[in-house]
Amino acid sequence: MSARGSAVIAGIGHTAYGAHPGRSSVSLNVEAIRNALADAGVEKEAVDGLFVKFPTSQFDFIYAHKVAEAIGIQPRIGGVWDQAGAGNIGMIAFAAMAIEAGQCEIAIVSFADNPKTGERAGLQKAMGPDEIFGWLGPVGGYAMIARRHMGEFGTTADQLGAVAINARANALENPHAQLRKPLTLEAYRDSKPVVAPLRRDDCCLVSDGGAAVVVMSAARAKALGVPAPVPILGFGQGQTAWNVELRPSLTSTMAAASARTAFDMAGLRPRDIDVAQFYDCFTIVPIVTLEDYGFCEPGGGGAFVTHKGIGIDGALPMNTSGGLLAESGMPGMQLVIEGVRQMRGTAARQVRDARTCIISNQGGIMHTHSTLIVGQPQ
Amino acid sequence: MTDVVAAIPLPLPVRDALNAPYWDALLEGRHTFQRCGACGNAWLPPRNECPRCLRADSWSWETASGRARLISWVVFHTAFHPAFKGRVPYTVAIVELAEGPRLISNVVGIDDPEALRIDQPLELAIESEDGVAVPRYRPVDER
């Protein structure tokens, strides 16, 4: 079984990113799915797989089935797979494998949440049993990784800032972006500390919204005349088991295994990648991802950002739609959608002649990792 | 206003049969961890099974020396719980005991948290909060 390119992303769809007062996450899922089906040119009756990442802000029992009910389908296979922020790509991979194994033929993978206007208590709770120390919320864990990275490798605040500045610059040209306001290095340096060393501008947005993709086999897409099916060349996953305070290394993660698996499946290496969409819930994450994925040596992520470049003309154009820092704070599906646009040549900030795109998702405090490599429509 | 804020209690650890000996030992001035007699592994936080050899019947509590190392630290400038409104900015650290186990703690007895450095030596400084003895750490005076 050679899975490379056997499945495609046939359609993409999303809601507006930002605030949706009064809308439920199920409603936002429906809008994203409606748009993805229309993009693929597929009727909902043909969908027999439905994979949904549960809303981060509030876990909901049998949530995928509530979405299935709202779109009026009875899928053969589906559900919620909890990999936190790695879940969207994790479920795209699962859908591709399910299709390959004959478990379904056309799958939807969808996510929506409304933490901006709805309940967000789930995003601010304690991370484990250490509340008495004031160990609260997710920012601190990423700040621990950033501080250790700075101490081990000399990574600087300005290098973290360069990640945020790039995201904000790319979002300026993205009509969907929630935050279209340029960021200067001076303004970054003046940004208030949230959990030092991370400042406000190191932290992703809080966003309502939904995004979905349609996955099917390349053969099915051809038979249906799907206009621009983007082949899935490789995927992989990795699980950093230990909580951040317990893991032997704070500065390298199982993202390395996730990327290695995806590169091996695709038959590609980092030098073959033209554009990257890296999960950037906090600015330190793309820096660690560059290292774990093999785009530079361990500890070299900060220098890669400032010297080799992640801008549209840089060595590795990154987060061309603004990422979690500026397009939408939703956990990762928007990165997949931008990757598809780059491969179709329809991105607002298009990387010229881009033939391959790598996308990372991760969740927890860099606990869960998933990687997707896509290519140009055949 | 300060008094009102100070009156909001800290979120205290939930005691159970497994962790009660840990918190009771701290009241006696001892920071303890679990060690597996079968494979020698030492760990925190409390678990029923050794996460290396998975045995449930071979571990016991051991008292730490109080010597430790600063793995990383952060400074909370935001109070994500009302009890910490009067405490920001405060320092939270990943601390590695000389015996190996790591834990979340606070670094106390410092003027400028930004002047700390990774891997610097620390020592146990138990502090009382609402009747709970909390294992915090302070820098070792190296002068």
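Helices here are DSSP runs of H or I with at least four residues, strands are DSSP runs of E with at least two, and both are numbered from the N terminus. This is a predicted model, where local features need pLDDT of at least 70, side-chain atom pairs count only at pLDDT 80 or more, and totals for chains, interfaces and linings use all residues. Residues are numbered from 1 along each chain as its sequence is written, chains are lettered from A and ligands numbered from 1 in the order in which they are written, and side-chain values use heavy atoms, with hydrogens and water left out.

**View 1. Chain B, element by element.** Going from the N terminus, chain B reads α-α-β-β-β-β-β-β-β-β. That comes to 2 helices and 8 strands. Its C-alpha atoms fit in a box of roughly 55 × 40 × 25 Å along the principal axes. Of its 143 residues, 45% are buried (under 20% relative accessible area; exposed is over 50%, partly exposed in between, with a 1.4 Å probe and protein chains only). Contacts (heavy atoms within 4.5 Å) with a separation of 6 or more are 52% between residues 24 or more positions apart in chain B.

**View 2. Chain A as a whole.** Chain A has 12 helices and 11 strands, and its C-alpha trace spans about 55 × 45 × 40 Å along the principal axes. How does its radius of gyration fit a compact globule of 378 residues? The value for chain A is 19 Å, which agrees with the figure near 21 Å for such a globule (taken over C-alpha atoms; the rule is 2.2 Å times the number of residues to the power 0.38). In chain A, 62% of the 378 residues count as buried. About 13400 Å² of chain A is exposed, with carbon and sulfur atoms supplying 52% of it (Shrake-Rupley method, 1.4 Å probe; for residues, only the protein chains shown count as cover).

**View 3. The open sheet of chain A.** Nine strands line up as β3-β2-β4-β7-β1-β8-β11-β10-β9 in chain A, with mixed pairing (two strands pair if DSSP finds at least two bridges between them). At the edges sit β3 (77-80) and β9 (275-277) of chain A, each pairing on one side only. From one strand to the next, the twist averages 25 degrees. Inside the sheet order, β4 (residues 106-113) and β7 (residues 209-217) of chain A pair antiparallel over 8 bridges. One bridge to look for joins A:Ile108 to A:Val214 in β7(A).

**View 4. Helix α1 of chain A and its cover.** The 16 residues of α1 (residues 25-40) of chain A should span 22 Å at 1.5 Å a residue, and the end C-alpha atoms are indeed 22 Å apart (the expected span is 1.5 Å times one less than the number of residues). Buried residues in α1(A) include A:Leu28, A:Ala32, A:Ile33 and A:Ala36. Their cover includes β1 (7-14), β2 (49-53), α2 (63-71), β4 and β7 of chain A. Just past α1(A), A:Gly41 has a positive phi of about 75 degrees.

**View 5. The loop around A:Gly299.** A:Gly299 sits in the loop between α9 (284-292) and α10 (301-309) of chain A. Is A:Gly299 buried or exposed? A:Gly299 counts as buried because its relative accessibility is 16%. Leaving aside residues up to four places away in sequence, A:Gly299 touches A:His149, A:Phe153 and A:Glu291. The C-alpha atom of A:Val288, 11 residues away along the chain, is separated from that of A:Gly299 by 7.9 Å.

Methods
Axes are lines fitted to C-alpha atoms, for helices over the stretch in contact, and angles run from 0 to 180 degrees between N-to-C directions.
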